[in-house]
Every structure is written in C-alpha cells, then in structure tokens.
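Work through the exercises below with the sequence and the 3D view open. Try each task before reading its solution.

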Amino acid sequence: NDIAVANSSLLREYTFVDYRVRTLMMTVKQWAKEYKINSAKDNFISSYTWMNLVIFYLQCIGFLPNLQSRGLMQAAGVVSDPENDYWHCVNQLDTSYVKWDAVRR
C-alpha cells in the first residue's frame, strides 16, 4: 500500500525535528494500547490516527512545522514534481513534503 508508505515516511520525518516528538508519539501509542482504544476494527481510532493527532497538536502549539507547507518547501528549495517523482503524488494525492534536514540548513 503505497499511500501508507508515504504517510508513514512523513510521520517518521517529524521524529527527526526533536527527539521528544518520537517519545510523545510512543507514549500516546502505549497509553492508547493499554486502554484498548487504538483499534479501528473495534470502533476506536487507529494507532496511526493517534500519531497524526500528536503531530497536529504539536503543530497547533507551534512546536512542529508543517512539512507539507508550500511556503516551507519553497524556502528549502523543494519543488513538488509529481510527473517525475512517484512519491510526490501517490494515488493522485499530493504526498510531497520537505525533509527536516533541508529545513535546518
């Protein structure tokens, strides 16, 4: 499932911004597992969705940037190229993002 690979790659990229991001993600994932609220098949949100909520929260409080932001991509010199880079447009969805290393430069 290519869209899952692209989405997981983006989540992983956020963990490079600060080590505490991964720590918080793993803590929330463990908490949801312990309370048995991490299974979509049981009518709860999935672990993947919990991770997205962590990222969203950290973006809302200004701790994480939006790595899919066109402005940030442009500032880092990243150009979305769906014609030549399959991973920029998976299943006709814009999946491009800037890598954290490119932002830090």
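Relative accessible area sorts residues into three classes: buried means under 20%, exposed means over 50%, and partly exposed lies in between (1.4 Å probe, protein chains only). The model is predicted, so local features need pLDDT of at least 70 and side-chain atom pairs count only at pLDDT 80 or more, while totals for chains, interfaces and linings use all residues. Residues are numbered from 1 along each chain as its sequence is written, and side-chain values use heavy atoms, with hydrogens and water left out.

**Exercise 1. Classify D18 and R20, and describe the salt bridge between them.**

Step 1. A salt bridge is a side-chain nitrogen of Lys or Arg within 4 Å of a carboxyl oxygen of Asp or Glu. Side chains of opposite charge can pair when their charged atoms come close.

Step 2. The closest N and O atoms of D18 and R20 are 2.9 Å apart, and the pair forms a salt bridge.

Step 3. R20 has 44% relative accessibility, so R20 is partly exposed. D18 has 17%, so D18 is buried.

**Exercise 2. Find how many salt bridges the whole structure has, and describe those of K41 and R104.**

Step 1. A search of the whole structure gives four salt bridges.

Step 2. K41 pairs with D42 at 3.8 Å, N to O. K41 is exposed because its relative accessible area is 75%, and D42 is partly exposed because its value is 43%.

Step 3. R104 pairs with D101 at 3.0 Å, N to O. Helices are DSSP runs of H or I with at least four residues, strands are runs of E with at least two, and both are numbered from the N terminus. R104 and D101 both lie in helix α5 (residues 100-104), three residues apart, which is about one turn of the helix.

Step 4. R104 is exposed because its relative accessible area is 55%. D101, at 48%, is partly exposed.

**Exercise 3. Describe how helix α2 packs against helix α3.**

Step 1. Axes are lines fitted to C-alpha atoms, for helices over the stretch in contact, and angles run from 0 to 180 degrees between N-to-C directions. The axes of α2 (residues 19-34) and α3 (residues 47-60) come within 9 Å and cross at roughly 135°.

Step 2. Angles under 35 degrees count as roughly parallel, over 145 as roughly antiparallel, 65 to 115 as roughly perpendicular, and the rest as oblique. The two helices, α2 and α3, are therefore oblique to each other.

Step 3. Contact means heavy atoms within 4.5 Å. On the α2 side, the contact residues are V21, L24, M25, V28, K29, W31 and A32; on the α3 side, they are S47, W50, M51, V54, I55 and L58.

Step 4. Ala, Val, Leu, Ile, Met, Phe, Trp, Tyr, Cys and Pro count as nonpolar, Asp, Glu, Lys and Arg as charged, and the others, Gly among them, as polar. The contact of α2 with α3 thus has 11 nonpolar residues, one polar and one charged.

**Exercise 4. Describe how helix α1 packs against helix α3.**

Step 1. The axes of α1 (residues 2-15) and α3 are 11 Å apart, at an angle of about 45°.

Step 2. The pair α1 and α3 is therefore oblique.

Step 3. N7, L11 and Y14 of α1 make the contact with Y48, M51, N52, I55 and Q59 of α3. By class, the residues of this contact of α1 with α3 are five nonpolar, three polar and no charged.
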